[in-house]
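User: Could you walk me through some side-chain packing here? I'd like the reasoning along with the values.

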Amino acid sequence: MSKSKELYSIAKQYMPGGVNSPVRAFRSVNSEPLFIKRACGSHMWDVDDKEYIDYVGSWGPMILGHSHPEVVEIIKKIISNGTSFGAPNEHEIELAKLVCEMVPSVQMVRFVNSGSEAVMGALRLARAFTGRNKIIKFSGCYHGALDPLLVQAGSGVATLGLPDSPGVPQEVTKDTIIIDFNDFSSLKEAFKIYRDELAAVIIEPVIGNSGCILPKDGFLELVRELCSINGSLLIFDEVMTGFRLSSGGAQQLYNIMPDLTTMGKIIGGGLPVGAYGGKKEVMEMVAPSGPVYQAGTLSGNPLAMTAGIVTLNLLKNNPPYDQLENKTRVLCNSFKDISIAMNIPITINNIGSMFSIFFTNKEVIDYNTAKNSDIKLFAKYFINMLDNGIYMPPSQFEACFMSAAHTDQDIEKTCIAFEKSLKLFQLSKT
């Protein structure tokens with residue numbers, strides 16, 4: 001028995017499902033999780049010392065690669081002074097300045113401890129600022145495990161096949177309006193019906209939690225226009241896309257300015273962190289400047305702040321985005337060529353350093369079209385890739401991430417593994 005199997009057997013005795021986040025359980029790919037021992041650059045090693053090329057990257061934050069030496073060095077230096085003070089420290093100011101400089105729409109920022117917490121704060125603030133209650137979200141967008149938003153949430157919810165979560169009262173979700181991503185007419189209709197009640201629209205500008213799904217031309221522009229006309233706030237959930245699609249996130253890439261932005265992942269260099277920020281007039285409603293309460297003992301802790309400072313400075317001063325996009329394009333084009341040659345239909349969505357492979361011959365433009373994918377075939381693909389030393393997200397409904405640490409050799413090995421995986425599909429049909 002492998003050490004991962006032994007550990008999983010023990011873990012299930014003490015933690016629900018043996019994990020601390022559902023998708024890690026590998027259930028949607030009919031397998032059991034690997035327990036990871038260490039990671040460096042673009043590679044990870046499990047507890048049995050098997051090596052993998054990693055395209056999960058801790059679900060996005062490892063844009064520079066695992067254990068980047070400058071990030072590790074600053075953590076070692078700072079930790080000797082203490083891990084948390086529950087009091088202000090100068091590193092908070094430096095990181096806040098960086099975020100405000102790099103993200104076009106952000107004039108003030110509040111640091112928290114997770115993306116979920118950032119979304120919670122942003123929604124509360126939007127409701128207080130507008131004096132309204134209803135929120136529009138898009139099917140398949142995941143904004144954290146918050147009761148009001150666990151409705152057609154994608155990500156782990158989609159992976160487990162749960163349309164909603166038990167324990168979430170209907171009263172909590174009654175003010176959440178669901179619209180399909182890229183559905184222009186439904187969006188316009190929702191604004192007509194709920195015009196005076198809409199506090200905000202929250203959206204992943206590029207969906208990462210139903211797989212990678214891009215906005216159609218003009219869709220984000222329409223969302224921005226309708227919010228501006230209606231006096232509703234536009235919230236970009238850039239927990240995944242922030243500092244990944246460009247140094248200023250998706251809003252810089254698409255030139256769309258939201259009123260509020262939620263961030264996470266990258267801004268802590270891989271440590272637990274989140275943030276929400278936006279226009280000064282909105283953010284100054286947050287306590288203690290204003291009446292909207294939000295607090296956190298570990299918010300702004302020196303470890304996450306300094307790791308984030310190093311990471312964002314590296315991204316700002318030596319932007320890797322063209323290189324990342326090129327590597328991702330090479331990998332995705334190779335996958336397409338291999339699938340065509342072997343007559344196995346796939347659809348690949350990619351932008352910047354994000355990509356997803358859907359086992360369907362149809363265009364994937366929203367959660368509904370993503371669900372048309374062959375989940376059983378994806379599970380086989382995942383296991384085949386894992387057997388060949390490639391660590392992909394263990395769910396059809398998650399995005400893959402390229403890092404600056406991935407090499408041409410990594411990409412070549414990944415393509416070889418992909419071809420081997422598809423060959424096994426062919427053999428199973430004969």
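User: Happy to start with a single ring. Is Phe 181 buried or exposed?

Analyst: Glad to help; keep in mind that this is a predicted model. Phe 181 has a relative accessible area of 1%. Buried means under 20%, so on that value Phe 181 is buried.

User: Which residue forms an edge-to-face aromatic pair with Phe 181?

Analyst: A pair of aromatic rings is described by the distance of the centres and the angle of the planes. Here the centres are 6.2 Å apart and the planes meet at 90°. Planes over 60 degrees apart count as edge-to-face, and the partner with that geometry is Phe 138.

User: How many residues apart in sequence are the parts that Phe 138 and Phe 181 tie together?

Analyst: Phe 138 counts as buried, at 0% relative accessibility. Phe 138 belongs to strand S5 (residues 134-138), while Phe 181 is in the loop between strand S6 (176-179) and helix H7 (184-194). The pair therefore ties together parts whose separation in sequence is 43 residues.

User: How many aromatic pairs are there by this rule, and is the pair of Phe 26 and Tyr 391 tilted or stacked?

Analyst: The count of aromatic pairs comes to 14. For Phe 26 and Tyr 391, the ring centres are 6.5 Å apart and the planes stand at 50°. Stacked needs under 30 degrees and edge-to-face over 60, so this pair is tilted.

User: How many residues apart in sequence are the parts joined by Phe 26 and Tyr 391?

Analyst: Both Phe 26 and Tyr 391 are buried. Phe 26 sits in the loop between helix H1 (3-14) and strand S1 (36-40), and Tyr 391 in strand S13 (residues 390-391). The parts tied together are therefore 365 residues apart.

User: Which ring does Arg 38 lie over?

Analyst: A charge counts as over a ring only with its CZ or NZ within 6 Å of the ring centre. Arg 38 lies over a ring face at 4.0 Å from the centre, and that ring belongs to Trp 45.

User: Which helix gives the largest share of the largest nonpolar core?

Analyst: That core has 71 residues, and Tyr 55, Val 99, Phe 243 and Leu 312 touch the most other members. The largest share, nine residues, comes from helix H11 (residues 302-317).

User: Where does Thr 360 lie?

Analyst: Thr 360 is buried, with a relative accessible area of 7%. A polar atom of the Thr 360 side chain is 3.1 Å from the backbone nitrogen of Lys 362. As for its place in the chain, Thr 360 is in the loop between strand S12 (354-358) and helix H13 (367-370).

Note on methods
Residues are numbered from 1 along each chain as its sequence is written. This is a predicted model: local features need pLDDT of at least 70, side-chain atom pairs count only at pLDDT 80 or more; totals for chains, interfaces and linings use all residues. Side-chain values use heavy atoms; hydrogens and water are left out. Helices (H or I, at least four residues) and strands (E, at least two) are DSSP runs, numbered from the N terminus. Buried means under 20% relative accessible area, exposed over 50%, partly exposed in between (1.4 Å probe, protein chains only). A polar contact is a pair of N or O atoms within 3.5 Å; within protein, one must be able to donate a hydrogen and the other to accept it, and residues adjacent in sequence count only if both atoms are side-chain atoms. Rings of Phe, Tyr and Trp (its six-membered ring) pair if their centres lie within 6.5 Å; planes under 30 degrees apart count as stacked, over 60 as edge-to-face and the rest as tilted. A charge sits over a ring if NZ of Lys or CZ of Arg is within 6 Å of the ring centre and within 35 degrees of the ring normal. A nonpolar core is a set of buried Ala, Val, Leu, Ile, Met, Phe, Trp, Tyr and Cys residues joined through side-chain atoms within 4.5 Å.
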